[in-house]
Amino acid sequence: MNRILTDPALEAQPNFEFPAYAAWLNAIIAGGPTREEALAQMAEGWKLERQERITLWLQQSEEDLRIQQEQEEQERTAKEAEAAEEQREAEKKKPKINDFDAEAIVADVLIPRPSQYALQKIKSMEYVELWYFSPEGCREASESSRTTAEDSFGLAKVDGYVAFKPMASFKASQKALQDHDLSWRQFNMAKTSFLVHIDKNGWPDKHQQALALFFTLITNHEHRVRPRGEKTLLRYAGFVRREWHDHLSQNQGFNIGIFNSALYNTLSDDVWEAERDESIKLVYFYIQSHRFKTDQLHSSLLPCSHLCVPITTPASTSTLPPIMPSFGTLSLLAPLPPI
């Protein structure tokens, strides 16, 4: 059905006496009615037709209203869905804070917070020096965080993809020490903080237990009370933990909780030899320094020979200390043997 473009109720009855309706009027008169009766029939027919069109107009208007309402409802529903999606996205981006236990209180002991660099290493389950977990490392992290914005980001390659990471997680401290260069106090305090943080970051229980046993064997080793004992144990701890992480990255991990006495003895010999070599260097330096002073004394005495008694050489200087000058009436230091 064709659409009705205007409201038929607003139409005025046409004048059927116009020439435009003459053919219709004459056709009716030819059937017997008078002119007036024919005009009346024409007016009645128009009114009936107009009423039908009014009825169709009302139906059309109702259908148009229904369609419009449906469209408006669909648009409203779509807008509400879009607004809800935007709200969900906003909620995802909105900073969140977890709930808390209203009955719980803060712990009796607070673990110092290491740097973002160290925490990122822990989250990635990678090797990181224990110094970062020592009081000195945590203090340095606290001081540096005042000058480094923690919301600054840089590009990094993660699992083959380029991603943004906090700048603080890239920067290693220039003050960081290797594990074997730590003092025993630093090592003992740092390993406790280290174990706490790997637990917080969900390291596997097997790895945590092996590391806990590893540190326990180090700190309770019987050689601690021996000369060079703590120094050797620190070297063992530093080298073995680094080696453990290297082997894990190659899928060739070993049990770090088993103490290797043979390796420890080798490191102990290395420490002893290093100290011996250092002692020899110090003695050599002392002898060289003393020889230089003696040469200076010799040079200062020769020009004064006309004022001194003749110089004599003792029969033997073998009984004198090697670094002490030997004089007769007035004699100079005999040359020292080469070292």
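Here are some numbered notes on this predicted model, going from the overall fold to individual side chains.

1. Let's start with the layout. The protein chain has eight helices and two strands, and from the N terminus on the elements run α-α-α-α-β-β-α-α-α-α. Of its 339 residues, 24% count as buried. The chain exposes about 24,100 Å², and carbon and sulfur atoms supply 56% of that area. Among contacts between residues at least 6 apart in sequence, 63% join residues at least 24 apart.

2. Helix H3 is a good place to begin looking inside. This helix spans residues 116–123, and Tyr117, Ala118, Leu119 and Ile122 are buried there. The buried residues of H3 pack against H5, a helix that covers residues 184–200. After H3 comes methionine 125, with a positive phi near 60 degrees.

3. Methionine 125 turns up again beside helix H7, through histidine 245. That histidine is found in H7 and is buried, with a relative accessible area of 8%. Leaving aside residues up to four places away in sequence, histidine 245 touches Met125, Glu126, Tyr127 and Trp203. For a quick visual check of this spot, histidine 245 and these four partners make a handy selection.

4. Salt bridges come next, and the model has 17 of them. Which parts of the chain does the pair of aspartate 179 and arginine 241 link? Their closest N and O atoms are 2.9 Å apart. Aspartate 179 sits in the loop between strand E2 (161–166) and helix H5, while arginine 241 belongs to helix H7 (residues 229–249), so the bridge joins distant parts of the chain, 62 residues apart. Both aspartate 179 and arginine 241 are buried.

5. Arginine 241 has a second partner worth displaying. Its charged end sits over the ring of phenylalanine 194, 5.1 Å from the ring centre. Arginine 241 therefore has both a salt bridge to aspartate 179 and a place over this ring. Phenylalanine 194 is also a member of the aromatic cluster described in point 9.

6. Another bridge across the sequence joins glutamate 275 and arginine 228, with the closest N and O atoms 3.6 Å apart. Glutamate 275 lies in helix H8 (residues 261–301) and arginine 228 in the loop between helix H6 (205–219) and H7, and 47 residues separate them. Buried or exposed? Here the answer falls between the two: glutamate 275 is partly exposed at 28% relative accessible area, and arginine 228 is partly exposed at 33%.

7. The backbone at arginine 228 deserves a look too. This residue has a positive phi of about 65 degrees although it is not a glycine. Asparagine 251 is a further non-glycine case, with a positive phi of about 60 degrees. As background, most residues other than glycine have a negative phi. Asparagine 251 is found in the loop between H7 and H8, and at 73% relative accessibility it counts as exposed.

8. Helix H2 offers a local bridge. The side chains of glutamate 80 and arginine 76 meet in a salt bridge, 2.5 Å from N to O. Why can they meet within one helix? They are four residues apart in H2 (residues 35–93), which means a separation of about one helical turn. In general, an α-helix has 3.6 residues a turn, so residues three or four places apart point the same way. Glutamate 80 is partly exposed at 43% relative accessible area, and arginine 76 is partly exposed at 37%. Elsewhere, Glu11, Glu49 and Arg53 are linked in a network of salt bridges.

9. Finally, the aromatic side chains. The model has 14 aromatic pairs. In one of them, the rings of tryptophan 131 and tyrosine 132 have their centres 5.3 Å apart; their planes are at 75 degrees, so the pair is edge-to-face. Tryptophan 131 is buried at 4% relative accessibility, and tyrosine 132 is buried at 3%. One aromatic cluster is formed by Phe133, Trp184, Phe187, Phe194, Trp203, Phe214, Phe215, Tyr236, Phe259 and Tyr264. Two of these names appear in earlier points: Trp203 touches histidine 245, and Phe194 lies under the charged end of arginine 241.

Key:
Residues are numbered from 1 along each chain as its sequence is written. This is a predicted model: local features need pLDDT of at least 70, side-chain atom pairs count only at pLDDT 80 or more; totals for chains, interfaces and linings use all residues. Side-chain values use heavy atoms; hydrogens and water are left out. A salt bridge is a side-chain nitrogen of Lys or Arg within 4 Å of a carboxyl oxygen of Asp or Glu. Buried means under 20% relative accessible area, exposed over 50%, partly exposed in between (1.4 Å probe, protein chains only). Contact means heavy atoms within 4.5 Å. Accessible areas come from the Shrake-Rupley method with a 1.4 Å probe; for residues, only the protein chains shown count as cover. Rings of Phe, Tyr and Trp (its six-membered ring) pair if their centres lie within 6.5 Å; planes under 30 degrees apart count as stacked, over 60 as edge-to-face and the rest as tilted. A charge sits over a ring if NZ of Lys or CZ of Arg is within 6 Å of the ring centre and within 35 degrees of the ring normal.
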